[in-house]
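I opened this one cold and kept a notebook while I clicked around. Here is what I looked up, entry by entry.

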Amino acid sequence: MALAEHRHKQVTDVNYNLSFVIPEQKDTPIAATLVLDLNISNLDTPLFLDFKEDSNHLKTLLVNGKSEEIIHKNEHLVIPINKLSMGNNQIEINFVMGELSLNRNDEYLYTLLVPDRARTLFPCFDQPNIKAKYKLSVTAPKFWQVLCGAPVQKITENVETVAYEFGQTEKISTYLFSFVAGKFKKASDSPEGFKMDLLFRENDSTKIRLSTPTIFDSHHQSVKFLENYTGYGFPFQKLDFATIPGFQYGGMEHVGAIQYREGSLFLDESATENQRLRRAKLIAHETAHMWFGDLVTMDWFDDVWMKEVFANFMAEKIVNPAFPNINHDLAFMVAHYPRAYGEDRTLGTNPIRQPLDNLNNAGSLYGSIIYNKAPIMMRQLEAVMGKKAFQKGIQNYIKKYAYSNAVWNDLVALLDAETEIDLKTWSEIWVNRSSRPIFKEQIMYASDSTITSFEFVQNAEDGSNGLWPQTFEIALYYADTVVTLKTNIKGKTALIPEAKGLSKPDAIVYNSNGMGYGVFPLNTSFLIKIPRLKDQVTRGYSYINTYENVLNGRITPLDAFQLYKESLVSEENELLVNLVSGYLNSIFWKYLTENQRAQYQQPLEKQLLGQLKSNLPANIKKILFRRFRSVAYSESGKDILYSIWNHTMKIPNLKLNQDDYISIAMDLALYQHENQKSILEKTKDDISNPDKLQRFEFLLPALSNDILVRDNYFESLNEEKNRAKENWTLTALNYLNHPLRQKESIKYLKPSLEILDEIQKTGDIFFPKGWLNNTVGNYNSSEAYSILKAFIEANPDLNPALLKKLLQASDDLRRAQLLNQKVDKGSN
Ligand SMILES: [Zn+2]
């Protein structure tokens, strides 16, 4: 940190000129040359370049034209003071590129350098506030495409290779520098003269035909919206994108060359409206980053949440007009609340803004708190400030810090100028503190049952003195009418004077407009009324609040299970069907006891099959089928799944594509269908896409009936190279640790925790949490809980950031113990 601060003052006007040759074979090292021009404004200390690789990767060094000795220690290439001069300097380095973040495959490679991985690739000043210009020359095998952040200037075809010369980028942070090279197909479009290129490997002609126009159009619409909203024109020379099979995240906002997970962008006619909405939001999110993150960048990674909250917040605004049939308040709620609560309710929760001493831990900042709680906070802020004032503050912020860096307080100062509210106090609780409020009601009635006093109280779930100022609505339900009360709680309690004199309602729904944040009062007797609530947002929030009350022990898992099971029949809105389907799954696998699961599997399977055979729209069918697949492990369920897979049973209006058939085959293998072997062989023969075939083969051992094969496979994940495809590894772990397999797989639990530190060091930013979610996150037994507790006790020195991730991922396991104790006591 001290070095980063010093260096920020020491160097300016940084230009990286990189040239290298990519060999055909992925095991052949990549030799490269870096010519680095920079301005030095003080020589109190030597110059430290970050390079996190073996010293033997560094071959020669020229400083201002003179050959110098290479001094490489503690991940730094050190240039002594006496070799440098004040003002302009040029450093030339011949080196071999580091491979950790090169993602090399047989036919393609791509860099992914966020948050601090540029240093693993080439010597650089790897911190977001030393922005620099980049210029690339890349020679690649013939027929390869190359994409980076600047436009192509010249392409030279040779006998066996092709050489690309690129122009210079604008000033950007190291984590936003990227390139993609390989055998890709290319599509281009220029709506209103705005040219965009797309590189992709998908070979399904239907998906390509149906998706390509939408992909271009979504980017173009996003650009237009953002130019208008921010009052700042598109800030870079170009906007191109590449889709990559099995990409680590949904997308990554590299300047001028966004990378996406291929499967997230290429959809066919079987996709539900929600899947299309998610794709549009993903594109809007990455495009919004061109302004929020790429143009104006956080000074340091403790403010990384700022770029993510704006990307998500803008994405919501951008997609609204393109999906006029969607209830966007509901879409916002189902997208953000369950996930935000999923981390904020745990013992491992964190504030939106977290201090970061060591850049090694930067990856641990990412999670649902910044992607989901922060947009909820922003929407509250916009509501209390007013939309116009909020937008004006944002426009000033973009203009003032363009091509530069800013911290949260810089933005607070600009927003503060547009509002009466004391934003510093407001941001202290919402941004700098974690947890959420638990609300309790205090209602007094007169003898004639009219309300004499309506008051509610908030208490921080984590036991602190935190109080969240916020605004939301409360709905009072009567036989033939609904009375809605607005509240604006500023301190510990809020009194609602308008309620005085009203008669006693049949039911009270807190947070009926879905704006509030916390756990609200709910009685078991109210559950049967939820499916009949008219307003979709009110109903949706009631489903969410029910789940939170299950986890807090106020509603039993079985009561909630019955509610969600019945709502799956009554709901017609795709977003709500999806919401209750997800909760049904969580309750079924994580909170029902084994006996309850045995008892309720058949009724649930029967209900779902009945619904699948009935006359429902395709989008609903797709969600119901997914739920059916996840519980069809009985003999009857397997038979049906098998006849759907081999096309002997036709489900009306259910659209399945090849990916779905692959998933069904894998489920049948997991459930040990008697024809497992032939099912998997046939599936494999049918896969024509080489990337999908590779994935399928990677996952097969995780599905084996032979426990030795699974054991060996799990052990192979100890080696970094075997988990290089992180996304596939997580799917494999999920199969290995599936609840149906846990008697055999529980022995993986301890080793999967013990390797955690290593997982963080070698994996990308979302990998440690994903690793935990698909290992310890799949268990609910007391035996698993003992293993978890023993691990935490035995490792008091575990990196605190990782401990938090562990406490987040194991929260269901912990709560299942608490709830099961209740069930046991109740039955005695
Ligand atoms: Zn993002």
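The entries below go from the metal site to the sheets, a helix crossing and a few odd backbone spots.

**Entry 1: the ground rules**
I am looking at a predicted model, and I kept that in mind throughout.

**Entry 2: the zinc ion**
I started with the metal. Which protein residues are the donors of the zinc ion? I found His285 and His289, each through NE2, and Glu308 through OE. Their distances from the zinc ion run from 2.0 to 2.1 Å. Then I checked the spacing of the donors along the sequence, and it reads H-x3-H-x18-E.

Are the two histidines buried or exposed? Both His285 and His289 turn out to be buried.

**Entry 3: a second look at His289**
I wanted to know where His289 sits, and found it in the loop between helix H5 (273-288) and strand S20 (296-298). I can call His289 buried because its relative accessible area is 0%, and the cut-off for buried is under 20%. I then listed its contacts, skipping neighbours within four places in sequence: Glu253, Asp294, Leu295, Lys307, Glu308 and Ala311. Glu308 was already in my notes as a donor of the zinc ion.

**Entry 4: the sheet under H5**
Next I followed H5 to a sheet. H5 lies across S18 and S19, and runs at about 150° to S19. The sheet is an open one of 5 strands, ordered S15-S16-S17-S19-S18, with mixed pairing. Which strands stand at its edges? They are S15 (185-189) and S18 (251-252); each has a single partner strand, so one side of each is left without a neighbour in the sheet.

I zoomed in on the S18 edge. S18 and S19 (residues 257-261) run antiparallel and are joined by 2 bridges. Met252 has Gln259 in S19 as its bridge partner.

**Entry 5: a smaller set of strands and H1**
I moved towards the start of the chain. There I found an open sheet of 3 strands in the order S3-S7-S6, with antiparallel pairing. Its edge strands are S3 (47-50) and S6 (72-73), each pairing on one side only. S3 is joined to S7 (residues 76-79) by 4 bridges, and Leu49 has Leu77 in S7 as its bridge partner. Helix H1 (residues 2-10) packs on this sheet, where it touches S3 and S7, and its direction makes about 115° with that of S3.

**Entry 6: Leu58**
Leu77 came up again when I checked Leu58, which belongs to strand S4 (residues 58-63). Not counting residues up to four places away in sequence, Leu58 touches Phe51, Ile70, His72, Leu77, Ile93, Asn94, Phe95 and Pro123. With a relative accessible area of 7%, Leu58 is buried. I also picked a distance to try: Leu58 and Thr169 are 111 residues apart in sequence, and 26 Å apart in space from C-alpha to C-alpha.

**Entry 7: H3 against H9**
How do helices H3 and H9 cross? The axes of H3 (residues 205-230) and H9 (residues 387-401) come within 8 Å and cross at roughly 95°. That angle is why I wrote down H3 as roughly perpendicular to H9. On the H3 side the meeting residues are Asn228, Tyr229 and Thr230, and on the H9 side they are Phe390, Gln391, Ile394, Gln395 and Ile398. By class, I noted 4 nonpolar, 4 polar and no charged residues in this contact.

**Entry 8: a hairpin**
I then traced S22 (residues 437-445) into S23 (residues 451-460), which pair in the antiparallel sense over 9 bridges. The two form a hairpin with 5 residues between them. Met444 has Ser453 in S23 as its bridge partner. In the turn, Ser449 has a positive phi of about 70°.

**Entry 9: backbone oddities**
Ser449 sent me looking for other backbone angles. Asn511 has a positive phi of about 55° although it is not a glycine. Asn511 is in the loop between strand S27 (507-510) and helix H12 (536-551), and it is buried, with a relative accessible area of 0%.

Gln672, also not a glycine, has a positive phi of about 55°. Gln672 lies in the loop between helix H18 (658-670) and helix H19 (676-686). Its relative accessible area is 41%, which I logged as partly exposed.

Last, I checked a proline. The peptide bond from Val114 to Pro115 is cis, with omega near -5°. Pro115 lies in the loop between strand S9 (108-110) and helix H2 (118-121).

How values were computed: Residues numbered from 1 in each chain as written. Predicted model: local features only at pLDDT ≥ 70, side-chain atom pairs only at ≥ 80, totals over all residues. Heavy atoms only, no water. Donors = N, O, S within 2.8 Å, 3.2 Å for Na, K, Ca; no water. Buried < 20%, exposed > 50% of the residue type's maximum accessible area, 1.4 Å probe, protein only. Axes fitted to C-alpha atoms, helices over the stretch in contact; angles between N-to-C directions. Parallel < 35°, antiparallel > 145°, perpendicular 65-115°, else oblique. Contact = heavy atoms within 4.5 Å. Nonpolar A, V, L, I, M, F, W, Y, C, P; charged D, E, K, R; others polar. Pairing = 2+ DSSP bridges.
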